[in-house]
Amino acid sequence: MSDFFTDSFGRPLNYLRLAVTDRCNLRCFYCMPAEGIDYVDRKDLLSYEEMLRLTRIFVSLGVNKIRLTGGEPFVRRNFYGFLKRLTKIEGLDKIAITTNGAVASKHIPFLKEIGITSINLSLDTLNKDRYTQITRRDFFDQAMETYHAVLAAGIKLSVNMVVMEGKNIEDIVPMAMLTKNDNVTVRFIEEMPFNGIGARYTIGFNHKKILETLKEDLPELAPIPFKDGTTAQEYTIDGYKGKIGIIAAYTRTFCGSCNRIRVTATGEMKNCLYDQGVLNLKRMLSDGSSDQMICEAIKAGYSKKLKDGREAEAARMTSVSESMSSIGG
Ligand code: SAM
Ligand code: SF4
């Protein structure tokens, strides 16, 4: 740990989440409005060359784990070519992707071949109609195909379910039951206010209610000690192949050991989902700044990481309303 650059709370800089696009083929209602989405100009997105350069710089600072997210990574043209080049960067031990799975299934064997280490699949229900209501698109079968393809390929799989009062509470237990026979971690996530519409927000179903709901049907849930740097409180059930996780993403119980850095699709560096950005990397990548100068700027930016997401939100000039797709969830 001592070899890593750390922030003022001693949290090591070793994990980067990179949004490869803000575009998406779904319209999940907790993430973006049905219509009128303000996608950024293509020229304002980081290019793959810029992302590769940035990744090398982050690796030189100690980053050894990267997660590619978005928007939907698989809708960006030539994402596979980019991945192939990314996997050649020395020093990255873990390359993970978060995807909705809508167009990913046929590429999964290829991902295994080039060394992608884990996939988070977003799936909020096992009911096709509810899936269509939540995502406003008809890709349930394709998402399930991706689920099975990832398991078959032997890539580490987590499923992310955003839990929403009045939308998918009845899915909590069926989703947890996936862990009985499949080697999957099913993670229940509190809904956050990043829905792109800026509506006033109060959480309906928090981590405590999620746990209570699970325990009603699965009283044998046993907690695993919380690991620093992670976000999920995990549980096992004796005899089950997979694990269950609860992420208090809105309540923010895990921030103390959070060392994530995010780079948005437009190259804004964020120390926290809830902050407004600490450094415009896109500008530095195009204004002739050397790698060394960018390294120093990243270190200075990371040093400003606040204690937790509550402080990060309080320090904002405007209230949270952006779409998660523009941040990289
Ligand atoms: N399109 C990809 C996907 O859906 O997996 C990657 C990007 S998406 C923004 C990343 C994660 O953020 C997904 O698991 C999604 O469920 C989650 N997410 C999006 N909006 C959210 C919100 N308002 N609250 C909680 N999680 C959210
Ligand atoms: Fe797209 Fe992912 Fe947002 Fe859903 S959560 S709209 S799949 S970016």
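A crossing of two helices is right-handed if the near helix is turned clockwise from the far one by less than a right angle. In this predicted model, α1 passes α9 in just such a right-handed crossing.

**The α1–α9 contact**

Helix α1 spans residues 48-60 and helix α9 spans residues 291-303. Their axes come within 10 Å. The crossing angle is roughly 65°. From α1, the residues in contact are Arg53, Leu54, Ile57, Phe58 and Ser60. They meet Asp291, Ile294, Cys295 and Ile298 of α9. By class, this contact holds six nonpolar, one polar and two charged residues.

**Around ligand 2**

The shell of ligand 2 includes Cys24, Leu26, Cys28, Tyr30, Cys31 and Met32. Gly71, Asn100 and Ser325 also surround ligand 2. No charged residue belongs to this shell.

**The second largest pocket**

This pocket holds about 400 Å³ of space. Its lining counts 21 residues. Closest to the pocket centre are Val40, Glu322, Ser323, Ser326 and Ile327. Two elements give two or more residues to the lining: β11 (268-270) and α11 (324-327). The largest share, three residues, comes from α11.

**Residue classes compared**

The table sets out the classes for each site.

| Site | Nonpolar | Polar | Charged |
|---|---|---|---|
| Contact of α1 with α9 | six residues | one residue | two residues |
| Shell around ligand 2 | six residues | three residues | no residues |
| Lining of the second largest pocket | six residues | nine residues | six residues |

Note on methods: Residues numbered from 1 in each chain as written. Chains lettered and ligands numbered in written order. Predicted model: local features only at pLDDT ≥ 70, side-chain atom pairs only at ≥ 80, totals over all residues. Heavy atoms only, no water. Near = heavy atom within 4 Å. Nonpolar A, V, L, I, M, F, W, Y, C, P; charged D, E, K, R; others polar. Axes fitted to C-alpha atoms, helices over the stretch in contact; angles between N-to-C directions. Helix = DSSP H or I, 4+ residues; strand = E, 2+ residues; numbered from the N terminus. Contact = heavy atoms within 4.5 Å. 1 Å grid on protein atoms, 1.4 Å probe; cavity = no way out; pocket = protein on both sides within 12 Å on 5 of 7 lines; lining within 4 Å. Points joined across faces, edges and corners; volume = space filled by probe spheres on them.
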